[in-house]
Amino acid sequence: MVGDGLDGESATLTDVAQRLLDLYTWFSASEPSVLQHAFPRLSLASCQDAVQEAFLATGRLAAAGRLPQSTDLVAYLRRAARNRAVSDIRRQARADRRLAVKGGDAPAVATAGVLSSQDLLEDLVIPAIRSMKESRRRRVVELQSCGWSDDRIAKELGIPLSRLYRDRYEAVRYLRRKLTGHIQAGLGKNNQHGKKGD
């Protein structure tokens with residue numbers, strides 16, 4: 001790194017960003033289950049979101065040069081993911097309290113018509129993907145819903161894995177908002193959540 005023509009600050013930025021990128025696959029695969037074990041109230045999907053959001057926020061700090069080279073990135077990422085999980089739990093607790101005040105019985109209603117995973121994919125997820133505007137994000141989740149691996153999708157689209165991860169994360173956030181709106185509409189809620197564009 002010293003002899004590559006970068007000044008000290010740029011070399012530090014590159015080193016921290018590269019170390020962060022090197023951690024991505026391992027951390028994003030292992031940390032959601034660790035978080036779910038620590039916070040059983042959260043779904044695995046919520047824990048995956050917390051890990052992705054922590055990673056993106058840490059990446060922004062690294063890109064801005066706000067993380068010193070001596071940063072223990074694993075500890076930093078774990079703390080950031082844990083903080084986001086705690087925020088999710090607090091948000092859920094507030095929503096539960098609001099529901100209790102309104103006298104709702106969401107768990108009974110939500111489990112009344114349980115669909116299989118394949119039914120959910122075909123009846124809810126695939127139509128939600130098709131409703132997305134044409135974009136690389138849409139293509140990423142279309143291919144993923146067909147069972148393609150990350151490497152195969154990245155090769156097909158001609159993009160690096162880091163770009164694929166960001167595109168998928170943003171697409172999944174959009175789909176989750178859209179499906180949450182659909183589920184809330186099915187429960188009789190009059191909420192505009194999920195109407196935001198991708």
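Aspartate 88 sits in helix H3, residues 73-102; helices here are DSSP runs of H or I with at least four residues, numbered from the N terminus. Aspartate 88 counts as buried because its relative accessibility is 14%, where buried means under 20% relative accessible area, exposed over 50% and partly exposed in between, with a 1.4 Å probe and protein chains only. Its contacts, leaving aside neighbours within four places in sequence, are Leu42, Ser46 and Ala50; a contact means heavy atoms within 4.5 Å.

This is a predicted model, in which local features need pLDDT of at least 70 and side-chain atom pairs count only at pLDDT 80 or more, while totals for chains, interfaces and linings use all residues. Residues are numbered from 1 along each chain as its sequence is written, and side-chain values use heavy atoms, with hydrogens and water left out.

**Salt bridges**

A salt bridge is a side-chain nitrogen of Lys or Arg within 4 Å of a carboxyl oxygen of Asp or Glu. The count by this rule is 12. The table gives three pairs.

| Basic partner | Acidic partner | Closest N and O atoms |
|---|---|---|
| Arginine 19 | Aspartate 15 | 3.6 Å |
| Arginine 78 | Glutamate 31 | 3.1 Å |
| Arginine 138 | Glutamate 142 | 2.9 Å |

Arginine 78 belongs to helix H3 and glutamate 31 to helix H1, so this pair ties together parts that are 47 residues apart in sequence. Glutamate 31 is buried, at 3% relative accessibility, whereas arginine 78 is partly exposed, at 37%.

Arginine 19 and aspartate 15 are both in helix H1, four residues apart, or about one turn of the helix. Arginine 19 is partly exposed, with a relative accessibility of 27%. An α-helix has 3.6 residues a turn, so residues three or four places apart point the same way.

**Helix H6**

Arginine 138 and glutamate 142 are separated by about one helical turn, because they are four residues apart in helix H6. Both arginine 138 and glutamate 142 are buried. Through shared partners, salt bridges join Glu134, Arg138, Arg139 and Glu142 into one network.

Helix H6 covers residues 136-145, and its buried residues are Arg138, Val140, Val141, Glu142 and Leu143. At the N-terminal end, serine 135 caps H6, with a side-chain oxygen 3.4 Å from the backbone nitrogen of arginine 137; a polar contact is a pair of N or O atoms within 3.5 Å, one able to donate a hydrogen and the other to accept it within protein, and residues adjacent in sequence count only if both atoms are side-chain atoms. Glycine 147 follows H6 and has a positive phi, near 95°.

**Glutamate 53**

Glutamate 53 is in helix H2 and is partly exposed, with a relative accessible area of 26%. Not counting residues up to four places away in sequence, glutamate 53 touches Arg84 and Tyr169. The C-alpha atoms of glutamate 53 and arginine 84 are 7.8 Å apart, although the two residues are 31 apart along the chain.

**The second largest pocket**

The second largest pocket has a volume of about 310 Å³. A pocket is an open set of points on a 1 Å grid over the protein atoms alone, where a 1.4 Å probe fits and protein lies on both sides within 12 Å along at least five of seven lines; lining residues have an atom within 4 Å of a point. The volume is the space filled by probe spheres set on the points, which are joined across faces, edges and corners.

The lining has 15 residues, with Leu21, Phe55, Leu56, Gly59 and Arg166 nearest the centre of the pocket. Helices H1 (8-38), H2 (44-63) and H8 (161-186) each supply at least two lining residues, and H2 gives the most, with seven. The lining divides into 10 nonpolar, three polar and two charged residues; Ala, Val, Leu, Ile, Met, Phe, Trp, Tyr, Cys and Pro count as nonpolar, Asp, Glu, Lys and Arg as charged, and the others, Gly among them, as polar.
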